[in-house]
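The following exercises concern the chains of one structure and the contact between them. Each task is followed by a solution in steps.

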Amino acid sequence: MSSHYEAPIRKPLIIGDKNYHDVTVDVARPVEGRANKQWWIAFAISLTAFLWGVASVAYTVGHGIGTWGSNKTVGWAWDITNFVWWVGIGHAGTLISAVLLLFRQKWRMAINRSAEAMTIFSVVQAAMFPVFHMGRPWLAFYVMPIPNQYGSLWVNFNSPLLWDVFAISTYLSVSLVFWWTGLLPDFAMLRDRAITPFTKRVYSILSFGWSGRAKDWQRFEEVSLVLAGLATPLVLSVHTIVSFDFATSVIPGWHTTILPPYFVAGAIFSGFAMVNTLLIIMRKVSNLEAYITIQHIELMNIVIMITGSIVGVAYITELFVAWYSGVEYEQYAFLNRATGPYWWSYWLMMTCNVISPQVMWFKKIRTSITVSFVISLVVNVGMWFERFVIIVTSLHRDYLPSSWTMFQPTWVDAGFYIGTIGFFFVLFLLYSRSFPVIAQAEVKSIMKTSSETYKKLHAAHAHDDHSHSEHNHH
Amino acid sequence: MKAIYKIALAVTVSAGLASCFDTREPNYQYMPNMYESAGYETYSESNAFANGKEGQLPATGSIKRGFVPYEIPNTPEGYEASKANPVPAEAGAYDEAKAKELFTIYCAICHGDKGDGKGNLAKREKFAGVPDYKARQITVGSVFHVETYGLNMMGSHANQLTQAERWQVAQYVMQLKGQ
């Protein structure tokens, strides 16, 4: 600690008197212990929802997408709404693990593992919608440019729906590799602590023989940095490509150049909200309050506030440009959103996304766990409605009044959506009991700079440090 | 070594799958969504009809647009009467190349390219008694009549050739007779 300098203004990221071993024990405890009753109840509910989703998807594939509420005018509704929503939620994970790594944000270390898990699980949910909203999902492999017997018939690379295929599949695979690389030292820790031969074997396989030598760590850091550098443009481009599904169309209300950054901002906004929802529960049930502190929640709330404000600016920009454009279709699209038959969804979206992040300006609110939790849920509701509003209100009334119609979801639409929520939580609950939910190797790396214990030590020796460094300079 | 096992496994699996293909049966299909016709296809079998055939006969006496029935009956008297029949205007101008083509396809196998009764089937003695046009009292009208109804060993060619085509062939027959 001799030549260390960190501004005293920084609050500790690890609370309590924790040493390296305590971190290991705290992280391993949920994995090594047994699930309690609440976990099983939550798991049973999630599994039921998931199975209902499986039934809904089976019904859809068996009977056709006419079982959904989509119609000839509104061809995209809940399917793509949910797709965009889930993709958006996934973005916070990569943002936390990659962008915050590039910005050397130490507070990401306690939350990146779960955020990345959330990314992967939500991208899995998202990826189901493009497949099952197809009329003939069994021919989904035709989207791949594979040499074939139709005189080598190829896909058209002009469609953003095809870019979606590449974006989502690349995003999922890169996120998975990034996540797994980070997991290696932590799996190795679980492997080395394993008591039963079975868990020993499982974590031996999962940890790929990680032995933590200096060269391994050096390369590990390099790989993480390179992957973070690659994942950052990826995270921005993936949701940009998703936004192109709409932005490249000719539909009034869709055809706007603001969509790419606005969708990305919305994705970060909703993703951070979801991370907040999950971590507020996780820190409590897994006893990780020492690592996921109020400061973490506050910082996430600040990100939510900033991205929520960006989204708010985007809303105002869209409204201004609609008025400024002089295009009556565009103007009507926004008039219809505000005052048409789906006015309630527009105003719900506006309330949730514009007002709720602004309360974070108050420190009392953004440092309150209860309020943060409620707002994180509100934001996700709002962001779901944002996608719904963009998709449905633009489609149900566009150029030809003779094509105006309404959209009404069916139980199958709802079943599929609830099923993905169930599936997400099935995966997340299983993850939280079998994976190290905090990147302990990373948290240990900030132990001597950012833990409460060491910060106190530094403070006590502040004068000594100063004289030492003076001495060293001479 | 492991690579060899993997290749062996891949070969075994593909050979196993390929062995399911039977040349005596139509091959397996993946999701044949629009392979079978929903509508009635010409010449197909269908339980919707009493005789199980898609091709049903039109009502007797009905005349389709653009068709003029041949009024002379299929009798010895009709044959005699047909001799006076001229080429009608709707048969179109005589096109030798077209007529020769049709004759080569439908007639020359028995009658021979020159109409001398020495077609391939006659030469191979599949059957005897194919006459030489030059030896017969025929006119363009009677040739048309025979093409339409058939005569003795010869069958009707009305289902192979349209009326206009039969008039073309009849004129070609008369041309051969004249040579």
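Helices (H or I, at least four residues) and strands (E, at least two) are DSSP runs, numbered from the N terminus. The model is predicted, so that local features need pLDDT of at least 70 and side-chain atom pairs count only at pLDDT 80 or more, while totals for chains, interfaces and linings use all residues. Residues are numbered from 1 along each chain as its sequence is written, chains are lettered from A, and side-chain values use heavy atoms, without hydrogens and water.

**Exercise 1.** Describe the secondary structure and the dimensions of chain A.

Solution. Step one: chain A contains 18 helices and zero strands. Step two: its radius of gyration (taken over C-alpha atoms; the globule rule is 2.2 Å times the number of residues to the power 0.38) is 24 Å, close to the 23 Å that the rule gives for 474 residues, so chain A is as compact as a globular protein of that length. Step three: along the principal axes, the C-alpha atoms of chain A fill a box of roughly 80 × 50 × 50 Å.

**Exercise 2.** Carry out the same description for chain B.

Solution. Step one: chain B has seven helices and zero strands, in the order α-α-α-α-α-α-α along the sequence. Step two: the radius of gyration of chain B is 27 Å, whereas a compact globule of 179 residues would have one near 16 Å. Step three: the C-alpha trace of chain B spans about 90 × 40 × 30 Å along its principal axes.

**Exercise 3.** Identify the parts of chain A that the salt bridge between A:E298 and A:K363 joins.

Solution. Step one: a salt bridge is a side-chain nitrogen of Lys or Arg within 4 Å of a carboxyl oxygen of Asp or Glu. Step two: in the pair A:E298 and A:K363, the closest N and O atoms are 3.0 Å apart. Step three: A:E298 lies in helix α9 (residues 294–325) and A:K363 in helix α12 (residues 363–366), so the pair ties together parts that are 65 residues apart in sequence.

**Exercise 4.** Characterise the contact between chain A and chain B.

Solution. Step one: with contact meaning heavy atoms within 4.5 Å, four residues of chain A and four residues of chain B take part. Step two: the two chains bury about 350 Å² (accessible area, 1.4 Å probe, lost on being put together and summed over both), 57% of it on carbon and sulfur atoms. Step three: in chain A, the residues A:R136, A:W138 and A:L139 lose the most area to chain B, together 87% of what that side buries. Step four: the count of salt bridges between chain A and chain B is zero.
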